[in-house]
Amino acid sequence: MSEDDIPDEADAFLAEAEEGELAALKAETAALKEQILRYAAEAENTKRRAEREANDARAYAIQKFARDLLGVADNLARALSHEPADNGDAAVKNFVLGIEMTEKELQGAFERNGLKRIAPGRAEKFDPHQHQAITEVPGTDVAAGGIVEVMQPGYELLGRLVRPAMVVVAAKEGPVQPEGSKPKGAGGNPYAGGDDADPGGSVDRRA
């Protein structure tokens, strides 16, 4: 090997060393970038989860209070359903008008705070997530499984069920039960299910 070849070999060695070091630095940089992106994604997920939990806490803080007010709404509705017809007494008329205005204002307050009334129409399909069948009646003009009558309206708070609507449902056709046998469910109601079933869908009981 001549003396003239020594600088070339040294330059090649240095170049190879620099390339190896550069590749290592690039790999380390890529790993750090990936780690930073992962930490950023985790931080964003944590932030979103915290915001969602805070929003839920604010949104459903009034759930227990709203549920307690449902009895007031029910009583006002019952009072209006017994309104005397063609009563000429001005005092009675003013009293009824006051109840109507109170009931309207209460429902308006419910709506402004995200509490929505569930009152399905006649022949509307039974929804186990929003309705609870208290009984079923055969031989109606409503198709099997349709709602015949609403006995008590339900309510949901921002999409979360507070109370299911209590409804009467048109009977479904089923096999004839042998004499002396007991059908499954409460009174043979196919919407009632077994002992472990929840006929009115899932109702959030948390305050």
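In this predicted model, three strands line up in an open sheet, in the order 1-4-5, and the pairing is antiparallel. The edges of the sheet are taken by strand 1 (115-118) and strand 5 (160-163), each of which pairs on one side only. From one strand to the next, the twist averages 35 degrees. Looking closer at one of these pairings, strand 1 meets strand 4 (residues 154-157) in the antiparallel sense, with four bridges between them. Within that pair, Lys116 sits opposite Glu156 of strand 4.

The sheet also has a helix packed on it. Helix 2, which covers residues 63-81, touches strand 1, strand 4 and strand 5. Its direction is set at about 45 degrees to that of strand 5.

Helix 2 turns up again in the nonpolar interior. The largest nonpolar core is made of twelve residues, among them Tyr60, Ala66, Leu70, Ala73 and Leu76, along with Ile99, Leu106, Phe110, Leu115, Tyr155, Leu157 and Val162. At least two residues of this core come from each of helix 2, helix 3 (90-112) and strand 4. The biggest giver is helix 2, with four residues. As for Leu76, leaving aside residues up to four places away in sequence, its contacts are Ile99, Thr102, Glu103 and Leu106. There is a second core as well, separate from this one: eight residues, including Ile118, Phe126, Ile147 and Leu161.

Strand 6 (residues 165-170) deserves its own paragraph. Six of its six residues are buried, so the strand is largely enclosed by the rest of the structure. That goes for both faces: Ala165, Val167 and Val169 are buried on one side, and Met166, Val168 and Ala170 are buried on the other.

Strand 6 has bridges to strand 2 and to strand 3. In general, strands of a sheet pair through backbone hydrogen bonds, and they can do so in parallel or antiparallel fashion. With strand 2 (residues 131-137), strand 6 runs parallel, and six bridges join the two. One of the residues involved is Gln132, whose bridge partner in strand 6 is Met166. With strand 3 (residues 147-152), strand 6 runs antiparallel, and here the bridges number four. On this side, Glu149 has Val168 of strand 6 as its bridge partner. Both of these strand 6 partners, Met166 and Val168, belong to the buried set on one face of the strand.

Notes:
Residues are numbered from 1 along each chain as its sequence is written. This is a predicted model: local features need pLDDT of at least 70, side-chain atom pairs count only at pLDDT 80 or more; totals for chains, interfaces and linings use all residues. Side-chain values use heavy atoms; hydrogens and water are left out. Two strands pair if DSSP finds at least two bridges between them. Axes are lines fitted to C-alpha atoms, for helices over the stretch in contact, and angles run from 0 to 180 degrees between N-to-C directions. Contact means heavy atoms within 4.5 Å. Buried means under 20% relative accessible area, exposed over 50%, partly exposed in between (1.4 Å probe, protein chains only). A nonpolar core is a set of buried Ala, Val, Leu, Ile, Met, Phe, Trp, Tyr and Cys residues joined through side-chain atoms within 4.5 Å.
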